[in-house]
Every structure is written in structure tokens, then in C-alpha cells.
Amino acid sequence: MSDCIFCKIVSGEIKTNFVYEDSDVVAFYDIKPEAPVHIVLIPREHIERISNIKEKDAGLVSKLFLAATKLAQEKHIETSGYRLVINCNKDAGQAVFHLHLHLLGGRKLTWPPG
Ligand code: 5GP
Ligand code: ZN
């Protein structure tokens with residue numbers, strides 16, 4: 001998608017340091033962090049939102065979560081705790097319409113979320 005910020009990050013048009021990458025997934029620090037560790041994980045493929053995933057995307061979605069667990073270990077928040085968040089559409093505050101998983105940790109997170 002030519003006007004998608006996250007597609008531009010994947011292609012390198014917007015220069016971003018990846019904290020993780022494989023053939024299907026890339027991850028990078030959020031530009032406006034909400035926690036000491038706030039990493040965004042995205043599929044390289046443009047999928048607009050979690051509600052658009054199909055059976056064929058099962059492996060891809062698993063890879064997002066597997067990468068998040070690796071990063072949680074690497075960033076030493078596995079034991080203290082962390083949260084994985086996917087915002088879908090307006091009421092959840094989705095701002096970028098390219099599927100992404102937030103990994104948040106490094107502080108006490110409140111529940112329920114706002
Ligand atoms: P959403 O609200 O859609 O779930 O989350 C989008 C996230 O992407 C936000 O937390 C926002 O700060 C982050 N973000 C938006 N544009 C950029 C960018 O150009 N670079 C990085 N690193 N993060 C971005
Ligand atoms: Zn995109």
C-alpha cells in the first residue's frame with residue numbers, strides 16, 4: 001500500500017531500526033512509547049486490521065506472537081510481565097491501518113485499559 005506508514009517502514013522508505021526481523025515479520029520501537037519497553041510488531045504483508053485475517057494467515061499471526069515472546073525475553077520483561085495489544089478499528093483507537101501487535105512492559109500496567 002503506497003500510502004501506508006508501516007509498509008514504508010517495511011520497504012525502508014522510512015528508515016527505522018528493526019529490533020527483530022524475519023521473512024514475514026518486522027519489529028521496531030514505537031515512536032511514541034507508552035511504556036519503557038514499547039515495541040510494534042508487524043507482518044511485512046499489508047493486512048489492514050486483525051478482523052481481516054483469513055485461515056491462510058494463521059502461520060503469520062503465530063509468527064507475530066512468537067517474535068513478541070522472543071523480544072519479551074530479550075528485553076528482560078518476561079518475568080516482570082508484559083502486555084500484548086492489538087487495536088482494531090475506531091473504538092479501540094487503531095491509528096495505523098496495517099495490522100500490528102504492541103508489546104508493552106517495563107512498568108506496572110493498569111487494568112482495565114482505558
Ligand atoms: P495503533 O493506535 O494503531 O494501535 O498504534 C499505532 C502505533 O504506531 C502508535 O503507538 C504510534 O505511536 C506508532 N507509530 C505511528 N507511526 C510511527 C512511525 O512512523 N514510526 C514508529 N516507530 N512508530 C509509529
Ligand atoms: Zn501497510
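The largest pocket in this predicted model has a volume of about 770 Å³. Its lining is made up of 31 residues, and those closest to the pocket centre are Asp30, Lys32, Glu34, His38 and His102. Sorted by class, the lining of the largest pocket holds 16 nonpolar, nine polar and six charged residues.

Several secondary-structure elements take part in this lining. Helix H1 (5–11), S2, S3, strand S4 (82–85) and S5 are the elements that each give two or more residues to the lining of the largest pocket. The biggest share from one element comes from H1, which gives three residues.

The packing of the interior can be taken next. The largest nonpolar core has 17 residues, and the members that touch the most others are Tyr20, Ala27, Ile39, Leu41, Leu64, Leu71 and Leu103. At least two residues of this core come from each of strand S2 (25–29), strand S3 (37–43), helix H2 (58–74) and strand S5 (101–105). H2 gives the most, with six residues. S2, S3 and S5 thus appear in two roles: they supply residues to this core and also to the lining of the largest pocket.

Tyr20, one of the core members that touch the most others, can be followed further. Beyond its neighbours within four places in sequence, Tyr20 is in contact with Val25, Val26 and Ala27, and also with Ala67, Lys70 and Leu71. Of these contacts, Ala27 and Leu71 are themselves among the core members that touch the most others. Val26, in contact with Tyr20, belongs to a second, separate core of nine residues, which also includes Cys4, Val10 and Ile42.

Methods:
Residues are numbered from 1 along each chain as its sequence is written. Chains are lettered from A and ligands numbered from 1 in the order in which they are written. This is a predicted model: local features need pLDDT of at least 70, side-chain atom pairs count only at pLDDT 80 or more; totals for chains, interfaces and linings use all residues. Side-chain values use heavy atoms; hydrogens and water are left out. A nonpolar core is a set of buried Ala, Val, Leu, Ile, Met, Phe, Trp, Tyr and Cys residues joined through side-chain atoms within 4.5 Å. Buried means under 20% relative accessible area, exposed over 50%, partly exposed in between (1.4 Å probe, protein chains only). Helices (H or I, at least four residues) and strands (E, at least two) are DSSP runs, numbered from the N terminus. Contact means heavy atoms within 4.5 Å. On a 1 Å grid over the protein atoms alone, a cavity is a set of points where a 1.4 Å probe fits but cannot get out, and a pocket is an open set with protein on both sides within 12 Å along at least five of seven lines; lining residues have an atom within 4 Å of a point. Grid points are joined across faces, edges and corners, and a volume is the space filled by probe spheres set on the points. Ala, Val, Leu, Ile, Met, Phe, Trp, Tyr, Cys and Pro count as nonpolar, Asp, Glu, Lys and Arg as charged, and the others, Gly among them, as polar.
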